[in-house]
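Here is a short tour of one protein chain, written with a computational chemist in mind. Have the viewer ready and follow along.

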Amino acid sequence: MTQFELLPTAVRIAKRHRPNFDGKAITKRARAVASSMLAIVSVGCVAPETPVQNAPEFQQLTPDSGDLDATALVEGIYRYQNNAGNQMNIRLSREPFEGREAFRAEVWFNAALDDGSPDLIRFDASTYRFLSRRMGDPARYVVDVRFTDDNRFVGTLTPGEDSGYTAVVYDRPYPHGGFEPSILFFYLSALPLHEAYTVSIPTFDLNNGSQMIWANIEVEEREQINVLGRSYDALRIVSRGARNKIFWIVDDMPVPIRMRTGDSPAWTLVTVSSD
């Protein structure tokens with residue numbers, strides 16, 4: 001495995017473009033670590049009917065549209081840190097899953113690779129359609145959810161003994177597939193990003209029993225940003241949906257060089273390791 005120091009020296013590991021993400025925590029401890037990144041579960045009730053979606057503001061793009069660049073994502077290990085001292089390690093790899101080729105994203109917060117149980121997310125390697133997610137600490141809760149081929153979001157939240165959490169069963173139909181919001185920054189690389197580009201994509205939010213929320217994405221402008229003492233010419237991308245997010249994308253990098261949710265500390269890409 002070769003590791004590259006991405007900052008302050010930019011390493012171009014792929015001739016690609018962009019990415020996107022989400023963040024909410026359910027405890028003070030988790031909020032301190034990841035409130036600016038992954039949308040973790042808060043307990044809610046499950047209704048049998050399809051939930052009402054927020055309004056898409058731009059042209060809609062779903063995993064079934066076939067409009068994403070299936071060659072955009074780059075396997076490897078991505079390390080981010082923020083100015084609050086937190087770290088996030090992400091390993092992206094490919095593997096077969098239920099008869100199809102899939103990407104496997106493993107996410108560790110403030111932990112080294114392979115230390116403990118990561119947040120595990122799988123999505124289709126061709127369409128980027130969300131397939132499954134498993135996360136949590138068995139002492140507190142474990143969430144195990146998936147999206148079926150007939151467009152049903154199903155799974156469970158299993159509370160730990162004496163954890164205070166309530167068991168949840170997810171089972172909701174949807175008219176089409178969606179994307180996993182916590183790693184939207186990976187999906188952006190598959191979009192034809194340019195100044196003034198806009199698109200609305202459906203994402204899942206586990207809060208309140210699961211909902212499909214449209215992420216309304218807009219490339220606002222190209223601007224110069226300073227990252228760890230180095231100046232970069234970057235596209236500034238705003239996503240408004242379950243949460244408001246900003247991404248700064250540099251040409252020829254497959255993930256954002258910087259990203260932020262709301263007023264939380266920004267995450268900066270520090271290193272990329274590639275097999």
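The report below goes from the whole chain to one pocket and then to two backbone details.

## The chain overall

Keep in mind that this is a predicted model. The protein chain contains 2 helices and 15 strands. Of its 275 residues, 56% count as buried.

Looking at contacts between residues at least 6 apart in sequence, 56% join residues at least 24 apart. The chain exposes about 11600 Å², and carbon and sulfur atoms supply 46% of that area.

## The second largest pocket

If you are setting up a grid, you may like to visit the second largest pocket, which has a volume of about 160 Å³. Its lining is made up of R104, E106, S117, P118, L120, R134, M135, G136, P138 and V142. Two elements, β4 (100-109) and β6 (130-137), each give two or more residues to this lining. The largest share, 3 residues, comes from β6.

Sorted by class, the lining has 5 nonpolar, 2 polar and 3 charged residues.

## Two positive phi angles

Now for the backbone on either side of β5 (119-124). In the loop between β4 and β5 sits D114, a non-glycine residue with a positive phi of about 65°. D114 counts as exposed, because its relative accessibility of 56% is over the 50% cut-off.

The loop between β5 and β6 holds Y128. Y128 is not a glycine either, and its phi is positive, near 65°. Is Y128 buried or exposed? Y128 is buried, because its relative accessible area of 0% falls under the 20% cut-off.

Note on methods
Residues are numbered from 1 along each chain as its sequence is written. This is a predicted model: local features need pLDDT of at least 70, side-chain atom pairs count only at pLDDT 80 or more; totals for chains, interfaces and linings use all residues. Side-chain values use heavy atoms; hydrogens and water are left out. On a 1 Å grid over the protein atoms alone, a cavity is a set of points where a 1.4 Å probe fits but cannot get out, and a pocket is an open set with protein on both sides within 12 Å along at least five of seven lines; lining residues have an atom within 4 Å of a point. Grid points are joined across faces, edges and corners, and a volume is the space filled by probe spheres set on the points. Helices (H or I, at least four residues) and strands (E, at least two) are DSSP runs, numbered from the N terminus. Ala, Val, Leu, Ile, Met, Phe, Trp, Tyr, Cys and Pro count as nonpolar, Asp, Glu, Lys and Arg as charged, and the others, Gly among them, as polar. Buried means under 20% relative accessible area, exposed over 50%, partly exposed in between (1.4 Å probe, protein chains only). Contact means heavy atoms within 4.5 Å. Accessible areas come from the Shrake-Rupley method with a 1.4 Å probe; for residues, only the protein chains shown count as cover.
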